[in-house]
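Hi,

Here is the structure I promised to pass on, with my notes on what turned up in it. Please have a look at the model first and then read on.

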Amino acid sequence: MGAKVYFSRKITPEAVAELYDLLGKRLDGKVAVKLHSGEVGNQNFLKPDFWKPIIDKVGGTVTECNTAYEGQRNTTAKHLKTLKKHGWSEYFNVDLMDAEGPDLVLDIPEGKVIKKNYVGKNLANYSSLLVLSHFKGHPMGGYGGALKQLSIGIASSYGKAYIHGAGDTKEIWTSEHDSFLEAMADAALSIIKYFNGNIVYVNVMKNMSVDCDCCAVAEDPCIRDIGILVSDDPVAIDQACIDLVYAAKDDPGQKHFLERVESRNGVHTIKAAAASGAGMREYELIEV
């Protein structure tokens, strides 16, 4: 028996909350909500009004960290302006977790590539985590989902460079590619262990471009919207999304989307995370 992954083809804010209830896992204490605030210029990221019902339901605080590349989110001052521009600060309590140093350093003794994960220090203020992921392609990772949010998403600006560089920030864009993917899996495992599994994952398969929401200039979506998935296993939920894309054989955009995933060996992150104990690739898809 694999992990339970709840799935709805209806893509509405209310459906997210419905699937969360069906999962039956309650997030207690102070809840960090990790999502993608969207690079300025990006047209595909999911907006605050879409996420508002589920964030209100858990009473969560929207959390983000600065980026490691040029743009409108790579410094605290610019990122705070972007959070306001995109409406996050208007709707929710917002915490830019690495607005000030020093980073919180999580040890990963079992890490294959990296042994430490540098995250926004304010992560220490939370007892549970809701990971809201916009499933789409990614220029480097092949795809972006729950595992990317757990790793690159929660890492501080320095931590993002550290993961991308497979442990060497000077190699941020030049590290051996599979080592970068394995470093993401290592970082994801450190977050899972930090919260002792007190995490729920939501993947929304909508506006699926081959490019990430971190791209100011991104391709328009190329494949039809598929649905919403909710699970307490990040490996299973990402694997289920990949499988749903492979199942969309009649979609004219499928080939283009899969070229991005396959050319970057995206599934390697899922395999590495499963091997590390972050979750399981076997799942039961429960369609609602």
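The largest nonpolar core holds 49 residues in this predicted model. Leu129, Phe135, Leu150, Ile191, Ile199, Met205 and Leu229 are the members that touch the most others. The elements giving two or more residues to this core are strands E1 (3–8), E7 (128–134) and E10 (199–205), together with helices H5 (146–153), H7 (177–194), H8 (234–247), H9 (254–263) and H10 (267–276). Helix H8 gives the most, with eight residues. Another core lies apart from this one; it has 28 residues, including Phe50, Val58, Leu130 and Ile228.

Strand E7 deserves a closer look, so to speak, and I would start your viewing there. How many of the residues of E7 are buried? Seven of its seven are, and the strand is mostly covered. In general, side chains in a regular strand alternate between the two faces of the sheet. In E7, one side carries Ser128, Leu130, Leu132 and His134, the other carries Leu129, Val131 and Ser133, and both faces are covered, with all of these residues buried. Two residues of E7 have already come up with the cores: Leu129 is among those that touch the most other members of the largest core, while Leu130 is one of the residues of the 28-residue core.

As for its partners, E7 pairs with strand E2 (residues 31–34) in the parallel sense, over four bridges. Here Val131 in E7 stands opposite Lys34. E7 also runs parallel to E10, and six bridges join the two. On that side, Leu130 has Val200 in E10 as its bridge partner.

Helix H5 is another element to look at. Its eight residues are all buried, so the helix is largely enclosed by the rest of the structure. They are Ala146, Leu147, Lys148, Gln149, Leu150, Ser151, Ile152 and Gly153, and Lys148, a charged residue by class, is thus one of the buried ones.

Now to the open space. The largest pocket contains about 300 Å³. Its lining is made up of 21 residues, and those closest to the pocket centre are Tyr69, His138, Lys148, Ile152 and Cys214. H5 and helix H6 (157–164) are the elements that give two or more residues to this lining. Which of the elements supplies the largest share of the lining? That is H5, with four residues. Sorted by class, the lining has 10 nonpolar, six polar and five charged residues.

There are also enclosed spaces: the count comes to three cavities of 30 Å³ or more. Here are the details on two of them.

- The largest cavity has a volume of about 40 Å³. Its lining consists of Leu35, His36, Phe45, Leu46, Trp51, Leu132, Ser133, His134 and Asp213, and E7 provides the largest share, three residues. By class, five of the lining residues are nonpolar, three polar and one charged.
- The second largest cavity also holds about 40 Å³. The residues that line it are His36, Leu132, Ser133, His134, Lys136, Gly145, Lys148 and Gln149. E7 and H5 each supply at least two of them, and E7 gives the most, with three. This lining divides into one nonpolar, five polar and two charged residues.

If you go through the two lists side by side, you will find His36, Leu132, Ser133 and His134 in both linings. Lys148 lines the second largest cavity and is also among the residues closest to the centre of the largest pocket.

Finally, the cysteines. How many disulfides does the model have? The count is zero. Cys65 is in no disulfide, and the nearest cysteine sulfur, that of Cys214, is 15 Å away, whereas a disulfide would need the two sulfur atoms within 2.5 Å. Cys65 counts as buried because its relative accessibility is 1%, which is under the 20% limit. Cys241 is in no disulfide either; the nearest cysteine sulfur belongs to Cys212 and lies 14 Å away. With a relative accessibility of 0%, Cys241 counts as buried too.

Happy to go through any of this with you.

Best wishes

Key
Residues are numbered from 1 along each chain as its sequence is written. This is a predicted model: local features need pLDDT of at least 70, side-chain atom pairs count only at pLDDT 80 or more; totals for chains, interfaces and linings use all residues. Side-chain values use heavy atoms; hydrogens and water are left out. A nonpolar core is a set of buried Ala, Val, Leu, Ile, Met, Phe, Trp, Tyr and Cys residues joined through side-chain atoms within 4.5 Å. Buried means under 20% relative accessible area, exposed over 50%, partly exposed in between (1.4 Å probe, protein chains only). On a 1 Å grid over the protein atoms alone, a cavity is a set of points where a 1.4 Å probe fits but cannot get out, and a pocket is an open set with protein on both sides within 12 Å along at least five of seven lines; lining residues have an atom within 4 Å of a point. Grid points are joined across faces, edges and corners, and a volume is the space filled by probe spheres set on the points. Two strands pair if DSSP finds at least two bridges between them.
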